[in-house]
Amino acid sequence: LQREKRDLPHLQLDEATYFVTWKTYQDRALSDAEMKAALEALLHWDDKKCRVYAACVMNTHVHWIVRPY
């Protein structure tokens with residue numbers, strides 16, 4: 001387990017698959033265009049720097065299952 005100190009602590013375990021989730025600031029609802037842009041951003045590095053197993057963007061939060069290479 002590697003720990004990096006930045007603005008927030010970052011933990012990384014070699015060959016791990018991560019379930020990542022976050023919500024919008026003050027539960028602000030995203031527009032359809034913003035949700036589409038967020039999904040495109042999550043999928044951008046698939047098969048380049050990571051494997052994206054699942055990504056779900058809802059109007060106030062996101063779930064992402066990803067394994068970095």
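Which residue in S5 is the bridge partner of Arg51? In this predicted model, the partner of Arg51 is Arg67. That pair offers a handy way into the fold, and the description below starts from the two strands that it links.

Strand S4 covers residues 50–57 and strand S5 covers residues 61–68. The two pair in the antiparallel sense, and seven bridges connect them. Between S4 and S5 the chain turns back through a hairpin of three residues. A second pair of facing residues can be picked out along the two strands: Ala54 stands opposite Ile65 in S5.

From this pair, the view can be widened to the sheet. Three strands form an open sheet in the order S3-S5-S4, with antiparallel pairing. S3 and S4 stand at the edges with a single partner strand each, so one side of each has no neighbour in the sheet. From one strand to the next, the twist averages 15 degrees. A helix accompanies these strands: H1, made of residues 32–43, lies across S3, S4 and S5. Relative to S4, helix H1 runs at about 165 degrees.

Within strand S5, Val66 is a good residue to look at closely. Is Val66 buried or exposed? With a relative accessible area of 5%, Val66 is buried, because this value is under the 20% cut-off. Leaving out residues up to four places away in sequence, Val66 touches Ala16, Thr17, Tyr18, Val20, Cys50, Arg51 and Val52. One of these contacts, Ala16, is 50 residues from Val66 along the chain, yet their C-alpha atoms are separated by 8.7 Å. Arg51, introduced above as the bridge partner of Arg67, is thus also among the residues touched by Val66.

Another buried residue is found in a loop. Thr24 sits between S3 and H1, and its relative accessible area is 15%. This value is also under 20%, so Thr24 counts as buried. Apart from its neighbours within four places in sequence, Thr24 is in contact with Leu30, Asn59 and Thr60.

Charged side chains come next. Side chains of opposite charge can pair when their charged atoms come close. How many salt bridges does the model contain? The count comes to four, and three of them are described here, beginning with the one that involves Arg51. The side chains of Arg51 and Asp46 meet at 3.2 Å, N to O. Arg51 itself is partly exposed, with a relative accessibility of 31%.

A salt bridge also joins the side chains of Asp27 and Lys23, where the N to O distance is 3.1 Å. Lys23 has a relative accessible area of 51% and is exposed, whereas Asp27, at 46%, counts as partly exposed. The cut-off explains these labels: exposed means over 50%, so Lys23 passes it, while Asp27 falls in the range between buried and exposed.

In helix H1, the side chains of Lys36 and Glu40 form a salt bridge at 3.7 Å, N to O. These two residues are four apart in the helix, about one turn. Lys36 is exposed at 53% relative accessible area, and Glu40 is partly exposed at 48%.

The surface holds a nonpolar feature as well. Leu1, Leu11 and Leu13 form a nonpolar patch there, and together they have about 350 Å² of accessible area. Leu13 belongs to the loop between strand S2 (9–12) and strand S3 (18–23). Its relative accessible area is 45%, which makes Leu13 partly exposed.

A last stop is Trp45, in the loop between H1 and S4. At 41% relative accessibility, Trp45 counts as partly exposed. Which distance separates Trp45 from Pro68 in space? From C-alpha to C-alpha, Trp45 and Pro68 are 9.4 Å apart, although their positions lie 23 residues apart in sequence when counted from one to the other.

Key
Residues numbered from 1 in each chain as written. Predicted model: local features only at pLDDT ≥ 70, side-chain atom pairs only at ≥ 80, totals over all residues. Heavy atoms only, no water. Pairing = 2+ DSSP bridges. Patch = residues over 30% accessible without salt bridge, like charges linked within 9 Å, V, L, I, M, F, W, Y side chains within 5 Å. Areas by Shrake-Rupley, 256 points an atom, 1.4 Å probe, with all protein chains shown as cover. Buried < 20%, exposed > 50% of the residue type's maximum accessible area, 1.4 Å probe, protein only. Axes fitted to C-alpha atoms, helices over the stretch in contact; angles between N-to-C directions. Contact = heavy atoms within 4.5 Å.
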